[in-house]
Amino acid sequence: QKLKIYCAEVYCVPQVIFSACELGVFDLLLQSQKPLKAGEVARELGTSEDGMERLLDVLVGIEILEVEHTEGTAHYSSTDVSNLYLAKASPKSLHDMIIYNSQTIYPLWNNLVDAVREGKNQNEKTFGLSSKDIFSAIYRSEEEMLKFMGLMNSTWAIDGHDIVTAFNLSGFKSMVDLGGCSGALARELAREYPSSTVTVLDLPKVVQTAKQHFTESGCTVEFQEGDFFEGDLPPADLYILARIIHDWKKDKCEKLLKKIHSSTSPGGGVLIVEAMLFESRRGPITAQLYSLNMLVQTEGKEHPPSHYTGMLTQAGFKDVQVCRTGKSYDAVLAIK
Ligand SMILES: C[S@@+](CC[C@H](N)C(=O)[O-])C[C@H]1O[C@@H](n2cnc3c(N)ncnc32)[C@H](O)[C@@H]1O
């Protein structure tokens, strides 16, 4: 029965949520002051009534929407979950994450068979792009870059506070978030540690896009254009590597960690943020799935704690501490 559900039903559910997000169902129901009939939703969103009714019924079935029947007609309304996480306007919205999963990740996963056979990402087969330069593939157009940055950004609206408080980082007076993308985690750091300076270093195009689309008024985070594999790193007491190690092959990660070690002073540190596998690799299922996702999209993988400890000690760091947050992402702090 479980197998039947996994093979015949579970794979359809994400498509239902993706489609409803893309069509704007959750935004419409949030804005609407009253429950709406399928025909009204269809008219507003320019869809067929029959298709919309079936979609809405599944959304009720999976408890993302609610329905009430008045004189035999179904009236659909939003729920706390859809308003908080699925409507675009919510500060905790996962809308950008869902759109990226729908339009980019899902097509890559369609080639999972080949990814497993070949042991490499499927950028070439899926998008006709070189599988070698992973960020050229991810940033293949301005639109894709913005979608990817939206995806990265939305994670930290939910999990950011747990990450920045996983350890007391107040002793680090200057922090550089390497590959800090839209600056979402950096903003959480700046909020939590107002007496520290926080800088995001990322590729020039990413920094320009972050400044244009993702800044918040009153935010003290600085941005710096650069390439963490080339040249010197800006000096810092603490370097952050959030979802960076999982992108790259082991030799590149080791090179980067050595560079960080030589850029900081004794007492300085590095904070690695990743979805960590159990030591046995028998879970968590989220980290196992993320690791497969790294296979289809990048050259890296998710690791258990001992791999991080190994890479960090090899780079010269001591005092490696691991904090499992209980959420999707965990943190590892190491000191020089
Ligand atoms: C998976 S994303 C993680 C983003 C961010 N740290 C987060 O957790 O939301 C990887 C980031 O590394 C950046 N990146 C990739 N190669 C880079 C390089 N050579 N130098 C600097 N940043 C780089 C990408 O632009 C992207 O922002």
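The questions and answers below deal with salt bridges and the ligand site in a predicted model.

Reader: How many salt bridges does a search of the whole structure find?

Author: The search looks for a side-chain nitrogen of Lys or Arg within 4 Å of a carboxyl oxygen of Asp or Glu. Over the whole structure, the number of salt bridges found is 15.

Reader: Which residue forms a salt bridge with D50?

Author: The partner lies four residues away from D50 in helix α5 (residues 49-61), so the two are separated by about one helical turn. The closest N and O atoms of the pair are 2.6 Å apart. D50 is partly exposed, at 42% relative accessible area, while its partner counts as exposed at 55%. That partner is R54.

Reader: Is D114 buried or exposed?

Author: D114 forms a salt bridge with R117, with 3.5 Å between the closest N and O atoms. Both residues belong to helix α8 (residues 112-118) and are three residues apart, about one turn of the helix. R117 is exposed, with 65% relative accessibility. D114 has a relative accessible area of 19%, and since the cut-off for burial is under 20%, D114 is buried.

Reader: Which residues are linked with D114 in a network of salt bridges?

Author: The pair of D114 and R117 is a salt bridge, and R117 also belongs to the network. The residues linked with D114 are R117, E118, K120 and K125.

Reader: What is the relative accessibility of E144?

Author: The side chain of E144 meets that of R140 in a salt bridge, at 3.3 Å from N to O. R140 is partly exposed, with a relative accessible area of 27%. E144 counts as buried, and its relative accessibility is 10%.

Reader: How many residues surround the ligand?

Author: The closest residues are Y139, G179, D202, D227 and A242. By class, the shell has 13 nonpolar, two polar and four charged residues. The number of residues around the ligand is 19.

Reader: Which helix gives the largest share of the shell around the ligand?

Author: The share in question is three residues. They come from the helix that spans residues 142-164, which is α11.

Reader: What percentage of the ligand's accessible area does the protein cover?

Author: A backbone N or O atom of F228 is 2.9 Å from a nitrogen atom of the ligand, and a polar backbone atom of A242 is 2.7 Å from a ligand nitrogen. R243 places a polar side-chain atom 2.9 Å from an oxygen atom of the ligand. On its own the ligand has 590 Å² of accessible area, and the part covered by the protein is 97%.

Technical notes: Residues numbered from 1 in each chain as written. Predicted model: local features only at pLDDT ≥ 70, side-chain atom pairs only at ≥ 80, totals over all residues. Heavy atoms only, no water. Buried < 20%, exposed > 50% of the residue type's maximum accessible area, 1.4 Å probe, protein only. Near = heavy atom within 4 Å. Polar contact = N/O pair within 3.5 Å; in protein donor to acceptor, adjacent residues only side chain to side chain. Areas by Shrake-Rupley, 256 points an atom, 1.4 Å probe, with all protein chains shown as cover. Nonpolar A, V, L, I, M, F, W, Y, C, P; charged D, E, K, R; others polar.
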